[in-house]
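Subject: Structure for you to look at

Hi there,

Here is the structure I promised to pass on. Please open it alongside this email, and then read on for what turned up in it.

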Amino acid sequence: MGLAPPPPAAALPACRISEFPCKTNKCIRLDHYCDGKDDCGDKSDEPPHCTVCNRTYYGDVGKTYELSLGKPALDRIPYNCHLTFTASGHTHGELIQVSVVLFNLCGRLD
């Protein structure tokens with residue numbers, strides 16, 4: 001007699017490429033992932049040590065992302081932050097406009 005197959009894993013919602021799939025079957029905007037607020041209702045969008053960095057943000061017609069990056073912890077320096085913005089066409093648009101409101105770079109060069 002064979003073993004029964006394992007139960008299927010909980011399915012994540014079918015979110016747009018410009019959204020994050022919460023474990024609560026809710027889809028939230030990518031800029032709400034790691035923003036310090038529990039947008040999913042179960043904190044699945046706020047894992048420990050997460051950051052807005054090192055991710056790809058996909059354009060979405062009529063939507064504006066608001067990203068904020070605070071000062072990194074001293075134990076995480078040197079700190080690199082890579083942000084990739086892409087317009088994948090169709091319903092996600094063909095163009096991405098990036099505006100930087102404030103940019104400060106402070107540090108010591110040896």
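Let me begin with one residue at the surface: Val-98 is exposed, with a relative accessible area of 52%. Please keep in mind throughout that this is a predicted model. Along the chain, Val-98 sits in the segment after strand S4 (83-86). Together with Leu-83, Phe-85, Val-100 and Phe-103, Val-98 makes a nonpolar surface patch of about 510 Å². In soluble globular proteins, nonpolar side chains tend to be buried together. With that tendency in mind, the patch around Val-98 may be worth a look when you turn the model.

**The overall picture**

The protein chain has zero helices and four strands, so an N-terminus-first reading of its elements gives β-β-β-β. Of its 110 residues, 21% count as buried. The exposed surface of the chain comes to about 8,900 Å², with carbon and sulfur atoms supplying 57% of that. Among the contacts with a separation of 6 or more, 40% are between residues 24 or more positions apart.

**The nonpolar core**

Which residues make up the largest nonpolar core? There are nine of them: Phe-20, Cys-22, Ile-28, Leu-30, Tyr-33, Cys-34, Cys-40, Val-52 and Tyr-57.

Cys-34 deserves a closer look. This residue is in the loop between S2 and S3 and is buried, at a relative accessible area of 10%. Its phi is positive, about 65°, although Cys-34 is not a glycine. Leaving aside residues up to four places away in sequence, Cys-34 touches Asp-45, Glu-46, Pro-47, Cys-50, Thr-51, Val-52 and Arg-55. Val-52 is thus a contact of Cys-34 as well as a member of the core.

Lys-43 also has a positive phi of about 65° without being a glycine. Lys-43 lies in the loop between S2 and S3 too, but at 56% relative accessibility it counts as exposed, whereas Cys-34 is buried.

**Salt bridges**

How many salt bridges does a search of the whole structure find? The search returns three.

Two of them share Asp-60, and Arg-16, Asp-60 and Lys-63 are linked in a network. Between Arg-16 and Asp-60, the closest N and O atoms are 2.6 Å apart. Arg-16 belongs to the segment before strand S1 (19-21) and Asp-60 to the loop between strand S3 (55-58) and S4, so this salt bridge ties together parts that are 44 residues apart in sequence. The other bridge of Asp-60 goes to Lys-63, with 3.6 Å between the closest N and O atoms. Asp-60 counts as buried at 10% relative accessibility. Its partners are both partly exposed: Arg-16 has a relative accessible area of 34%, and Lys-63 has one of 41%.

The remaining salt bridge joins the side chains of Arg-29 and Asp-31, at 2.8 Å from N to O. Here too a buried acidic residue meets a partly exposed basic one: Asp-31 has a relative accessible area of 4%, and Arg-29 has one of 25%.

**More on Asp-31**

Asp-31 is in the loop between strand S2 (27-29) and S3. Besides the salt bridge, its side chain has a polar atom 2.9 Å from the backbone nitrogen of Glu-66. Beyond residues up to four places away in sequence, Asp-31 touches Tyr-57, Thr-64, Tyr-65, Glu-66 and Leu-67. Tyr-57 is one of the core residues named above, and Asp-31 is in contact with it.

**Cys-15**

Last on my list is Cys-15, which is found in the segment before S1. Is Cys-15 buried, partly exposed or exposed? At 22% relative accessibility, it counts as partly exposed, since buried means under 20%. Not counting residues up to four places away in sequence, Cys-15 touches Phe-20, Pro-21, Lys-26 and Cys-27. Phe-20 is among the core residues. Between the C-alpha atoms of Cys-15 and Asn-25, ten residues apart along the chain, the separation is 9.1 Å.

That is everything from my side. Enjoy exploring it!

Best wishes

Technical notes:
Residues numbered from 1 in each chain as written. Predicted model: local features only at pLDDT ≥ 70, side-chain atom pairs only at ≥ 80, totals over all residues. Heavy atoms only, no water. Patch = residues over 30% accessible without salt bridge, like charges linked within 9 Å, V, L, I, M, F, W, Y side chains within 5 Å. Areas by Shrake-Rupley, 256 points an atom, 1.4 Å probe, with all protein chains shown as cover. Salt bridge = Lys/Arg side-chain N within 4 Å of Asp/Glu carboxyl O. Helix = DSSP H or I, 4+ residues; strand = E, 2+ residues; numbered from the N terminus. Buried < 20%, exposed > 50% of the residue type's maximum accessible area, 1.4 Å probe, protein only. Core = buried A, V, L, I, M, F, W, Y, C linked by side-chain atoms within 4.5 Å. Contact = heavy atoms within 4.5 Å. Polar contact = N/O pair within 3.5 Å; in protein donor to acceptor, adjacent residues only side chain to side chain.
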